[in-house]
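Student: I'm new to this structure and would love a close look at one part of it. Could you walk me through it step by step?

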Amino acid sequence: MKKRLSTADVESYTQPFLDFITENPTVFHAVDAVAKRLESNGFTKLSSRDQWNGKIEKGGKYFVERNGSSIVSFVVGSNYKPGNGAAVIATHIDALTTKVKPISTKPTIAGYVQLGIAPYAGALNKTWWDRDLGIGGKVLVKDKSRGRIETKLVKLDHPIARIPTLAPHFGAPAYDPNPNPETQMVPIIGLDQSGSDKSNISSSQSTGLLQGDAVFASTQPPRLVNAITRILKEENSATTASDIINWELEVFDTQPAQLGGLDKEFIFAPRIDDKLCSFAAIEALIASTSNTSTHDNPDPTPNQDDSVIKIVGCFDDEEIGSLLRQGAKSNFLPSTIERTVSALAPNLSIPDLVSQTFANGFMISADVSHAVNPNYLSVYLENHAPQLNVGVAVQADPNGHTTTNSVSTAFLQRVAEKCGSTLQVFQIRNDSRSGGTVGPMLSSAMGMRAIDAGLPQLSMHSIRATVGNLDPGLGVKLFKGFLDHFEEVDGEFSG
C-alpha cells in the first residue's frame, strides 16, 4: 500500500527493534527470527535444493535461506511480466563478534577455566574488556532414532564469560595499547572444579583428532558441553553430550538494547552494524506488501498493483569480505533472481530475461553510516556529517567503495520526496580510510543500478553503539517508499 509512514508509524518500530537485537544475539538467531517474521506475514519458505518451477507465482511472497546465516526474501507483483525490473535492498546481517574455536578447551591457569575464542572481523578490540558476555549459536545434533543430523539454535540465558582488564596499579602492562588477543584477551568462564566436576568428559581426552565417539564434546570445556546439553534437553530434545556432532558458537554482549538520553531519544545497543538496516529493510518489505503501515498490525494481503519483483537480501560475512557461499559476493542473490524469473517464464529465453531484469532493476545497498561525533568534529568532512533521528544517509566515495553516483542519488531523492523522507549525505575526508559495503560487488555482478545509503550510528565497531530512537522507523519509511514508488520513479529515468 503506497501510504506514507506517519510519526506514530515510525515510532512503532522502536521497541520491536530493541527486542530483535536483544533476543537474537547471533547471526543464526537473527536469520531465524527474520524467517519466522516473514512466515507470520504470509511468506513461503523455498529450498535451494528443490525445483522452483510451479512453486512461484504472481502475487506470491517467498524467502530462501543459505547456511542459516543469510536470507533472501521477495514478493512477485501481481502484474509482473518477465523482464520487468527488480527493486532490491541488500544488507548484511552479520556483526562483529567472537567465535568459539574448533577446540576451545584451554589449560586451567591460576584456578580459572578459560575459553578459546577468535575474533570475527574487528572484534576483541578494547571495548570488549570487562563486559558481561554470553554464548549461543548453532549446534549440530545426531538424532539416533532417525539417523539424521539436525540443526538446533541455543543460547545461554545468563552471562558466562568476561575478559578482565588489568588494574592500573600494575603499571605499564595495564596501559599497553596493543594487548595480545591470543594470550591477554582470553575470557574466563568459571573456576576450576577438578575435585567436584561430575562430568564424564575429561579435558585430558582432548587430542585434536576429529574421529571416534564423543570426540567433539571431548574437545570442549566439559561444563560448557553440559550447559549446552541442558538447554537442548529443555527444548524437548533427548540429547546427550555424545550426540553433539559440532557447533558454531558466538560469544557476545548480553546487555540488552535499551533507550537512553534525557528524553529517551537514543538507542544504546550491541550489534547495530548491521542488524539495524536488515531489520528496517525486512519490515519495509512486509509493510510495502500489506495494507497497514505499523509493525504490530501488518495485513498479509499483497499489493495487487505491482509489476516488479521486490527483494530484500540479508547477507552474512560482510565484515570479513563476503567471499563465502553465504556472502553477498556469492551467487546467492543473482541465482535467486534467475531462478525466480525462470519459474515465471518457463518457455522463454531465461538468460536474456535475467539480463533484462538486472538492467531494469535498482538496488539500495543499505549499510550503516557514521553519525557525527560531537567530540571529534575535526575528523568529519564539512557538510557531510549525518545526525541521528533525521534519516538515511547516502554514502558517497570517489574511489568505488560505494555504488553511489549522480543518477542513483537523483533516483533516491525522488523516492524520498514521494514518501516524505529526509536524506543526508556522508563522505569521508581525504585523509581518512573509507570502509566498504556489499553494494559494489552485487552491482558489478548483476550490472544493476545502485546506491549506498544507510542509517547513521555512533561508535561503529564498538561492542555497543548508539543510534536515534526513531532511526529504525525512519529506515522503514524510506525503504518502504523505495519499494512502493520504484516503478513510478523508474519511469522518470531513461537509460
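Student: Let's take phenylalanine 411: is phenylalanine 411 buried or exposed, and what is its relative accessible area?

Tutor: Happy to help! Please keep in mind that this is a predicted model. Phenylalanine 411 has a relative accessible area of 0%, so it is buried.

Let's start with its ring partner. The ring of phenylalanine 411 pairs with that of phenylalanine 362: the two centres are 4.1 Å apart and the planes stand at 10°, so the pair is stacked. Planes under 30 degrees apart count as stacked, which is the cut-off behind that word. Phenylalanine 362 belongs to strand E14 (residues 362-365), while phenylalanine 411 sits in helix H9 (residues 406-419), so their pairing ties together parts that are 49 residues apart in sequence. Phenylalanine 362 is buried too, with a relative accessible area of 1%.

The story goes on beyond these two rings. Ring pairs join Phe362 and Phe411 with Phe482, Phe486 and Phe493 in a cluster. In total, the structure holds twelve aromatic pairs. Another of them brings together tyrosine 62 and phenylalanine 74, whose ring centres are 5.5 Å apart with planes at 35°, so this pair is tilted. Here tyrosine 62 comes from strand E2 (residues 61-66) and phenylalanine 74 from strand E3 (residues 70-76), so the pair ties together parts twelve residues apart in sequence. Tyrosine 62 and phenylalanine 74 are both buried.

Now back to helix H9, the home of phenylalanine 411. H9 packs against helix H11 (residues 471-490), with the axes 8 Å apart and an angle of about 110°. That angle makes H9 roughly perpendicular to H11, because angles of 65 to 115 degrees count that way. The crossing of H9 past H11 is right-handed. On the H9 side, the residues that meet H11 include Phe411, Leu412 and Val415. Their counterparts in H11 include Leu478, Phe482 and Phe486. Phe411, Phe482 and Phe486 therefore appear both in this helix contact and in the ring cluster. By class, the H9 and H11 contact has nine nonpolar, two polar and five charged residues.

For comparison, here are two other helix pairs. Helix H7 (residues 332-344) packs with helix H8 (residues 350-360) at about 120°, and their axes are 10 Å apart. H7 is therefore oblique to H8, and their crossing is right-handed. Among the residues that make this contact are Ile337 and Val341 of H7, along with Leu353 and Phe358 of H8. Seven nonpolar, two polar and one charged residues make up the contact of H7 with H8.

The other pair is helix H2 (residues 14-23) and helix H6 (residues 272-288), whose axes come within 11 Å and cross at roughly 130°. H2 and H6 are therefore oblique to each other, and H2 passes H6 in a right-handed crossing. Pro16, Phe17, Phe20 and Ile21 of H2 make the contact with Lys275, Leu276 and Phe279 of H6. By class, that contact has six nonpolar, no polar and one charged residues.

To come back to your starting point, phenylalanine 411 is a buried residue with a stacked partner in phenylalanine 362, and it is also one of the H9 residues that meet H11.

Terms used: Residues are numbered from 1 along each chain as its sequence is written. This is a predicted model: local features need pLDDT of at least 70, side-chain atom pairs count only at pLDDT 80 or more; totals for chains, interfaces and linings use all residues. Side-chain values use heavy atoms; hydrogens and water are left out. Axes are lines fitted to C-alpha atoms, for helices over the stretch in contact, and angles run from 0 to 180 degrees between N-to-C directions. Helices (H or I, at least four residues) and strands (E, at least two) are DSSP runs, numbered from the N terminus. Angles under 35 degrees count as roughly parallel, over 145 as roughly antiparallel, 65 to 115 as roughly perpendicular and the rest as oblique. A crossing is left-handed if the near helix is turned anticlockwise from the far one by less than a right angle, and right-handed if clockwise. Contact means heavy atoms within 4.5 Å. Ala, Val, Leu, Ile, Met, Phe, Trp, Tyr, Cys and Pro count as nonpolar, Asp, Glu, Lys and Arg as charged, and the others, Gly among them, as polar. Rings of Phe, Tyr and Trp (its six-membered ring) pair if their centres lie within 6.5 Å; planes under 30 degrees apart count as stacked, over 60 as edge-to-face and the rest as tilted. Buried means under 20% relative accessible area, exposed over 50%, partly exposed in between (1.4 Å probe, protein chains only).
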